[in-house]
Amino acid sequence: MCGALQPRLLQAQSAGSAGSSTAATGSGSGSSDPARPGLSQQQRASQKKAQVRAFPRAKKLEKLGVFSACKAIDTCKCNGWKNPNPPSATRMDLQQQAASLSEPCRSCGHALADHVSHLENVSEDEINRLLGMVVDVENLFMSVHKEEDTDTKQEEIYGENSPIWEADFTMPASDGTQLGHQTGEAVFFFSGSPALPKGLSSISSLGSMDTGGAEPITGEKRKLPEALTLEDAKRIRVMGDIPMELVNEVMMTITDPAAMLGPETNLLTPNAARDETARLEERRGIIEFHVIGNSLSQKSNKKILMWLVGLQNVFSHQLPRMPKEYITRLVFDPKHKTLALIKDGRVIGGICFRMFPTQGFTEIVFCAVTSNEQVKGYGTHLMNHLKEYHIKHNILYFLTYADEYAIGYFKKQGFSKDIKVPKSRYLGYIKDYEGATLMECELNPRIPYTELSHIIKRQKEIIKKLIERKQSQIRKVYPGLTCFKEGVRQIPVESIPGIRETGWKPSNKDKGKEVKDPDVLHNMLKNLLAQIKTHPDAWPFMEPVKKSEAPDYYEIIRFPIDLKTMTERLKNRYYVTKKLFIADLQRIITNCREYNPPDSEYCKCANTLEKFFYFKLKDGGLIEK
């Protein structure tokens, strides 16, 4: 289902280009370096750290500038200074002369000083600590991309010898130090500052584990909404002819298993909602949903990081045309989050996304469920959880590029090719994909998406029960008609025994013939409306009710109407029959009586006006006298 989202990157780097020239035979964290026989990777990393920490201050700032986002202007999106004169060899750090702080970046054109301005007053010890992190990340990056085996790759990153468990990676940085690093096409963002930039401040590593351990866990499990109360259901008033008492009584029978129309067992009905299985499994604790992200500003949590690796594997397997390096970069990028679907402690699916709160939308990047867990409604339930998560964060639009395999899935989730978000709001923010279709989904904050299918199911049960009750009231057998055997050719419909008990009402054909000429009808209604508007008691109904005068009016009155609106409808030829015109007139009176007390001045005006326009309707031959 959603495992088919496989758009092609417009500018994606090929999978084999990164790190191919630096492949090494040893892959374990303690293996020796073939380039330096007898040296382990830890020893090699220590030597490299000693070298860079021996750099002069200017050289250190240059290296950290490569990993630091530009701060010249807010709109600059450059995440690392690029040397306009890169060294010709790969091991020229010591020999290469330090760049000047005024040297412009090859990417954004701003000076090196604009990238390292936050390091101006940072101590030498803090500079050295950041340089050590940079060396570790460079080594990890090379190890991950030259290692094909998943288990070995996880050991490289999350094993006991991995540098991410060292103090440098877990201790808080001093104020003002924040780095962004770009190596080839893979980007890692670091932020040790308590005052994070907007893109990083809202990112958190989220999970649902016990917090009694030594490691602090920043987490949030997607929780099921509390059961809707009767008062919640009544909050939006719906006008109708079904008494609320009857609805309450029917609801009691539906809640009672003994009175159900059909037993609600674990076996699903053939027409059950797509996400019914997933919803029931979540209720029983078989599956869980977690919004997780790679937060490098806090102490790392092993379970969260393992889930991120699992997500990277699911996306890579289900989206084979997407470069693995690109998937890894986004899944581990702190600016992106992923809604992970967990079953038996392992990742079986997820949706990777990036939120743009200032622009009012979120970009969905990857969406996949592992192949052996598909066709169970997990994809629909994932999307429903994602919708509720964004409603909670006041973001009501999704944008995504879907290829030909994924368009069908996104259509089922409410996405459309009709884009309502202005192009100026997303242009330059979301990633462009070759051969894919841009789709949008607008969220309704009043819909509980994870419970919607269950709510509709209950509504169907209510309707069935009401029909059953109505049928029990009219289930009476009447004697057959014998008049036709006696030569009678036709009889009035209303004379058929029991027909009125079914709810049938006589038509208005005999109460006034319909005017067939539309122009004649238009002129008749126009004259009648003009007379009604000049009536002295028509003043309360001349214009729509102002919300400032009656704040709750539109919560109680679902179908407001007034004489000004009727005039506009008449001009637009809305009243093609007299029934539509009379219905709107009567609704003005009904709404007034519904909202106002019977002895109010407004109801008195409504009573007088009702008598007047019915007199005019009869006088004009529009209804029977």
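A residue is counted as buried when its relative accessible area is under 20%. By this criterion, 42% of the 625 residues in the chain of this predicted model are buried. The chain contains 21 helices and 12 strands. Among contacts with a separation of 6 or more, 68% are between residues 24 or more positions apart.

The largest nonpolar core has 33 residues, and the members that touch the most others are Leu-308, Leu-311, Phe-315 and Phe-366. At least two residues each are supplied to this core by helix H11 (302-318), helix H12 (324-331), E7, E8, E9 and strand E10 (397-402). H11 provides the largest share, with eight residues. Beyond its neighbours within four places in sequence, Leu-308 is in contact with Ile-292, Gly-293, Asn-294, Val-331 and Phe-332. A second core, separate from the one described above, comprises 31 residues, including Val-291, Ile-395, Met-439 and Tyr-449.

Two helices of eight residues were examined for burial. In H12, seven of the eight residues are buried, so this helix is largely enclosed by the rest of the structure. The buried positions of H12 are Glu-325, Tyr-326, Ile-327, Thr-328, Arg-329, Leu-330 and Val-331. Val-331 of this set is also one of the contacts of Leu-308. Helix H10 (residues 276-283) is likewise largely enclosed by the rest of the structure, because six of its eight residues are buried. In H10 the buried residues are Glu-276, Ala-278, Arg-279, Leu-280, Glu-281 and Glu-282. Gly-285, located just after H10, adopts a positive phi of about 85°.

Positive phi values also occur at two residues that are not glycines, Asp-344 and Val-375. Most residues other than glycine have a negative phi. For Asp-344 the phi is about 55°, and this residue is placed in the loop between strand E7 (337-343) and strand E8 (346-356). Its relative accessible area is 68%, so Asp-344 is classed as exposed. For Val-375 the phi is about 60°, and the residue is found in the loop between strand E9 (361-369) and helix H13 (378-392). Val-375 is exposed because its relative accessibility is 77%. The strands that border these loops, E7, E8 and E9, each contribute at least two residues to the largest nonpolar core.

Helix H17 (residues 518-533) packs against helix H21 (residues 601-619) and against helix H19 (residues 563-571). The axes of H17 and H21 come within 11 Å and cross at roughly 155°. H17 is therefore roughly antiparallel to H21, and the crossing of this pair is right-handed. On the H17 side the contact involves Leu-528, Gln-531 and Ile-532, which meet Leu-609, Phe-612, Phe-613, Lys-616 and Leu-617 in H21.

For H17 and H19, the packing angle is about 160° and the axes are 11 Å apart. This angle is over 145 degrees, so H17 is roughly antiparallel to H19. The crossing of H17 with H19 is left-handed. The residues of H17 that make this contact are His-522, Leu-525, Lys-526, Leu-529, Ile-532 and Lys-533, and those of H19 are Leu-563, Met-566, Thr-567 and Leu-570. Ile-532 of H17 thus takes part in the contact with H21 and in the contact with H19.

Tyr-595 is located in helix H20 (residues 578-595). With a relative accessible area of 25%, Tyr-595 is partly exposed. Apart from residues up to four places away in sequence, Tyr-595 touches Ala-550, Asp-552, Tyr-553, Ile-556 and Ile-557. Of these partners, Tyr-553 is 42 residues from Tyr-595 along the chain, and the C-alpha atoms of the two are separated by 7.3 Å.

The structure holds zero disulfides. The cysteine sulfur nearest to that of Cys-78 belongs to Cys-105 and is 3.9 Å away, and Cys-78 is in no disulfide. A disulfide requires sulfur atoms within 2.5 Å, so the separation of 3.9 Å does not qualify. Cys-78 is buried, with a relative accessibility of 8%. Cys-441 is also buried, and its relative accessible area is 3%.

How values were computed:
Residues numbered from 1 in each chain as written. Predicted model: local features only at pLDDT ≥ 70, side-chain atom pairs only at ≥ 80, totals over all residues. Heavy atoms only, no water. Helix = DSSP H or I, 4+ residues; strand = E, 2+ residues; numbered from the N terminus. Buried < 20%, exposed > 50% of the residue type's maximum accessible area, 1.4 Å probe, protein only. Core = buried A, V, L, I, M, F, W, Y, C linked by side-chain atoms within 4.5 Å. Contact = heavy atoms within 4.5 Å. Axes fitted to C-alpha atoms, helices over the stretch in contact; angles between N-to-C directions. Parallel < 35°, antiparallel > 145°, perpendicular 65-115°, else oblique. Left-handed = near helix turned anticlockwise from the far one by under 90°.
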